[in-house]
Amino acid sequence: MTDMACSSRSGHSDHRSYSSSRSSQCVTDFVQPVIVVHGGGAGSISKERSERVRHGVTKAALMGYNILKEGGNALDAVEGAVMALEDDPEFNAGNGSVLNEDGQIEMDASIMDGRNLSSGAVSSLRGIANPIKVARLVMEKTNHSFLTDRGAACFAKNMGIPTTPVEKLITERNVKRLKKEKVEKTNFLMDMDKNTGTVGAVALDRNGNLAYATSTGGTINKMVGRVGDSPCVGKNPQEAADAALCYMKTRVKGLGGVIVIDRTGEWAARWTSVSMPWASAKEDKLQFGIVPGMVHITDISKNKNPNPCI
């Protein structure tokens, strides 16, 4: 399972699993801020876990949306949202990352500023609770765009990023999943929950600036040093999502999901996996979903309970 987040420019739709928001709003000096987050593509999610996943993605979306509503920029919003997902053990990022073949955690993360397309990325990072913070520092504090392994670790230390004991990042759930994978040696297409993908966020702030951030622990039982997919910058929301998913399926037989936003605030969340936890916030409306065809909507300003709608 592979998962990615993209920022892009306008769109059309088809019959893939998706949720989206179309708008005829023109870009002016002020636009409605919007953020979309996802928790990675996955197989069937149990009822017990679906509530925890729902809470995680909506919390992350609200974290980023509150930053935008207070006048914060898109970079701050996506970083804050992804940090919330990294801190949640339900998701394959930060605390909750899956284990490699040695039973260790190696994490990848990236972030991009849509204003000038500057980016920062890290890979094979260990002992850091929030890799997305290091990725942003790579973008803002170095002349490079990508640091890996020991170099990324040294840079994080020099930037004052605290280390976290590895055992605090390893969950019992992922220890069991690795053992199961090693015993069964199941082909990934036959075990939809093996690879839980990448978490990510894309945002548009009130000044019309776009940004995205992604973070992942990669795939279960991966080889030491394996680095996941690079972030992509697409065409228009639905078109970019479809193209990425189609390429993934035809070339590498992979399944996954994509979230995109354009400069008018139009957004899309699409996936080819069985499910993908996602949430968006715009104009004080919080939307979230996990499976195709079911979207829940909450009025943030009135703090109403979510009502499902199709």
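How many residues apart in helix H3 are Arg 136 and Glu 140, and what separation along the helix does that give? Select both residues in this predicted model. They are 4 residues apart in H3, which means that about one helical turn separates them. Arg 136 and Glu 140 form a salt bridge, and their closest N and O atoms are 3.0 Å apart. Colour the pair by accessibility next. Arg 136 has a relative accessibility of 11%, so Arg 136 counts as buried. Glu 140, at 42%, counts as partly exposed.

**Salt-bridge network**

Now select Glu 48, Arg 49, Arg 52 and Glu 90. Salt bridges with shared partners join these four residues into one network. Zoom in on Glu 90 and Arg 49, which form a salt bridge with the closest N and O atoms 2.7 Å apart. Arg 49 belongs to helix H1 (residues 47–69), while Glu 90 sits in the loop between H2 and S4, so this pair ties together parts that are 41 residues apart in sequence. Both Glu 90 and Arg 49 are buried. Side chains of opposite charge can pair when their charged atoms come close.

Move on to Asp 113 and Arg 115. Their side chains meet in a salt bridge, at 2.7 Å from N to O. Asp 113 counts as buried because its relative accessibility is 5%, and the cut-off for buried is under 20%. The count of salt bridges in the model comes to 12.

**Glu 106**

Select Glu 106, in the loop between helix H2 (74–86) and strand S4 (107–113). Its relative accessibility is 2%, so Glu 106 counts as buried. Show the side chain of Asn 100 as well: the side chains of Glu 106 and Asn 100 make a polar contact at 3.3 Å. Then display what else surrounds Glu 106. Neighbours within four places in sequence aside, the residues in contact with Glu 106 include Ser 124, Leu 125 and Arg 126. Further along the sequence, Thr 216 and Gly 217 are among its contacts, as are Lys 222, Met 223, Val 224, Gly 225 and Arg 226.

**Helix H4**

Which residues of helix H4 are buried? Select residues 149–158 and pick out Ala 152, Phe 155 and Ala 156, the buried residues of this helix. They cover an arc of only 100° around the axis, so they lie on the same side of H4. Add strand S5 (118–125), helix H3 (131–141) and strand S6 (146–148) to the view; the buried residues of H4 pack against these three elements. Then rotate to the face of H4 turned away from its buried side, where the exposed residues Arg 150, Lys 157 and Asn 158 are found. Step just past the end of H4 to Gly 160, which takes a positive phi of about 80°.

**Positive phi outside glycine**

Two more stops concern backbone angles. Select Leu 117, in the loop between S4 and S5. Leu 117 is not a glycine, yet its phi is positive, at about 60°. Is Leu 117 buried or exposed? It is exposed, with a relative accessible area of 51%.

Finish at Asp 284, in the loop between strand S12 (278–282) and strand S13 (285–289). Asp 284 has a phi near 60°, again a positive value in a residue other than glycine.

Terms used
Residues are numbered from 1 along each chain as its sequence is written. This is a predicted model: local features need pLDDT of at least 70, side-chain atom pairs count only at pLDDT 80 or more; totals for chains, interfaces and linings use all residues. Side-chain values use heavy atoms; hydrogens and water are left out. Helices (H or I, at least four residues) and strands (E, at least two) are DSSP runs, numbered from the N terminus. Buried means under 20% relative accessible area, exposed over 50%, partly exposed in between (1.4 Å probe, protein chains only). A polar contact is a pair of N or O atoms within 3.5 Å; within protein, one must be able to donate a hydrogen and the other to accept it, and residues adjacent in sequence count only if both atoms are side-chain atoms. Contact means heavy atoms within 4.5 Å. The arc is that of the directions from the helix axis to the C-beta atoms.
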